[in-house]
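This report is intended to be read alongside the sequence and the three-dimensional structure. Please keep both in view while following the text.

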Amino acid sequence: MAPATTVAAARRLVGLRRRTEAPPRRPSPSPPRRPSPSPPQRKLRPVAEIMARARYAVVERADYSDVGCEQCGSGERPDELLLCDKCDKGFHMKCLRPIMARVPIGSWLCPKCSGHRRVRSFSQKKIIDFFRIQKSCDGKKKFTSNQDTRKRRRRSRSLVLLKKRRRLLPFIPSEDPNQRLNQMGTLASALTALQMEFSDDLTYSPGMAPRSANQAKFENGGMQVLSKEDMETLELCRAMNRRGECPPLIVVFDSCEGYTVEADGQIKDMTFIAEYTGDVDYIKNRENDDCDSLMTLLLATDSSKSLVICPDKRGNIARFINGINNHTLEGKKKQNCKCVRYSVNGECRVLLVATRDIAKGERLYYDYNGYEHEYPTHHFV
């Protein structure tokens, strides 16, 4: 018999062995390997798709004197000739569609290299969600304001005592609800194509001008105050917009002018069309901005406090109303609305108003310059 000490030591050794350990086994002969099947052939992507996603680099040439415009074939006016940063081809700014008013800042791609973003179409539900419509009114309704009521009351008075006063008129939405949805759908498609959000108000984003900077009292020389009756018209139109009762306007795309706005119904003289909206920022922060739709909001005595509206990320249909060529007589004849700055409750606001009767199918135009004459409109059609 083995000594007790030896048996106890053996038990301790057995107790220290890990449960996961297995006693060594003799290796069994491995079965013969079968020949592996050939791997499936990989589906190759077309070269056009690879080149579209691949990074590009343009090799600078020593001499560009032989570069001409791909549209007109002329190499004249080299100061207006833009070179694509991908294909290195040239294009005159006025030969592009839509026309470019000034040289862009940073890299630039020609229409072929940049590709055109597909314009989305919107269903009825998506249109209602896009514009955050609170209540859709499909029934026929008379759109009247306190201003109209006062006019009816004054008709009984003597005509000698009456004096014509130019007051804003509320827009009259289309009676057909499907027609209104189509109008809003064209605006939603245009905003989506430019990667913009819809906003019917001025917005104050972090890093830009605060709302406290937008005060009409800072305007150099003062700003005209919106009257009480016109304030009622403005609030009535804003309430109709929230219900999905939009002005009779549609956004169309033109090969020469880009996105533009057409009347989808009769619009009377002095009718309120839209308020110019977007992000509010200081002019000094946008001196090198290549956005072609900046709108003056406040011209302060201290130029560092002057403000502009920037509709590059947020905006409404006012963003797509085009300007006239105010250097030609034919261009000035096309103007049918104007842009006016008002003091509304102490804040600066920009309103677009019809200056004459506008027929259905007629495009809307106004003078981008007003009295400043700083915006280049020589190349506007």
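The paragraphs below treat one helix, a group of aromatic rings and one sheet in turn. The model is a predicted one.

**Helix H6**

Helix H6 comprises 17 residues, from 177 to 193. At 1.5 Å a residue, its expected span is 24 Å, and because its end C-alpha atoms are 24 Å apart, the helix agrees with that expectation. Most of H6 is covered, with 13 of its 17 residues buried. At the start of the helix, the backbone nitrogen of asparagine 178 has a side-chain oxygen of aspartate 176 within 3.2 Å. Beyond the other end, just after H6, glutamine 195 adopts a positive phi of about 55°.

**Aromatic rings**

The count of aromatic pairs comes to 4. Two of these pairs are set out in the table.

| Ring pair | Distance between centres | Angle between planes | Arrangement |
|---|---|---|---|
| Phenylalanine 253 and tyrosine 259 | 5.1 Å | 70° | edge-to-face |
| Tyrosine 259 and phenylalanine 320 | 5.8 Å | 65° | edge-to-face |

The pair of tyrosine 259 and phenylalanine 320 ties together parts that are 61 residues apart in sequence, because tyrosine 259 lies in strand S6 (residues 258-263) and phenylalanine 320 lies in the loop between strand S11 (314-315) and strand S12 (322-323). Through such ring pairs, Phe253, Tyr259 and Phe320 are linked into a cluster.

Which members of this cluster are buried, and which is exposed? Tyrosine 259 and phenylalanine 320 are both buried. For tyrosine 259 the relative accessible area is 19%, and buried means under 20%. Phenylalanine 253 has a relative accessibility of 54% and therefore counts as exposed.

Two lysines are also placed over aromatic rings. Lysine 305 lies over the face of phenylalanine 218, at 5.5 Å from the ring centre. The charged end of lysine 334 is located over the ring of tyrosine 365, 4.3 Å from the centre of that ring.

**A sheet of four strands**

Strands of a sheet pair through backbone hydrogen bonds, and the pairing may be parallel or antiparallel. In this model, 4 strands form an open sheet in the order S4-S8-S10-S9, and the pairing is mixed. Strand S4 (202-203) and strand S9 (295-298) stand at the edges; each has a single partner strand, so one side of each is left without a neighbour in the sheet. S4 and strand S8 (residues 278-282) run parallel and are joined by 2 bridges. Opposite leucine 202 stands glycine 278, which belongs to S8.

Definitions and conventions
Residues numbered from 1 in each chain as written. Predicted model: local features only at pLDDT ≥ 70, side-chain atom pairs only at ≥ 80, totals over all residues. Heavy atoms only, no water. Expected span 1.5 Å × (residues − 1). Buried < 20%, exposed > 50% of the residue type's maximum accessible area, 1.4 Å probe, protein only. Polar contact = N/O pair within 3.5 Å; in protein donor to acceptor, adjacent residues only side chain to side chain. Phe/Tyr/Trp six-rings, centres within 6.5 Å; stacked < 30°, edge-to-face > 60°. Lys NZ or Arg CZ within 6 Å of the ring centre and 35° of its normal. Pairing = 2+ DSSP bridges.
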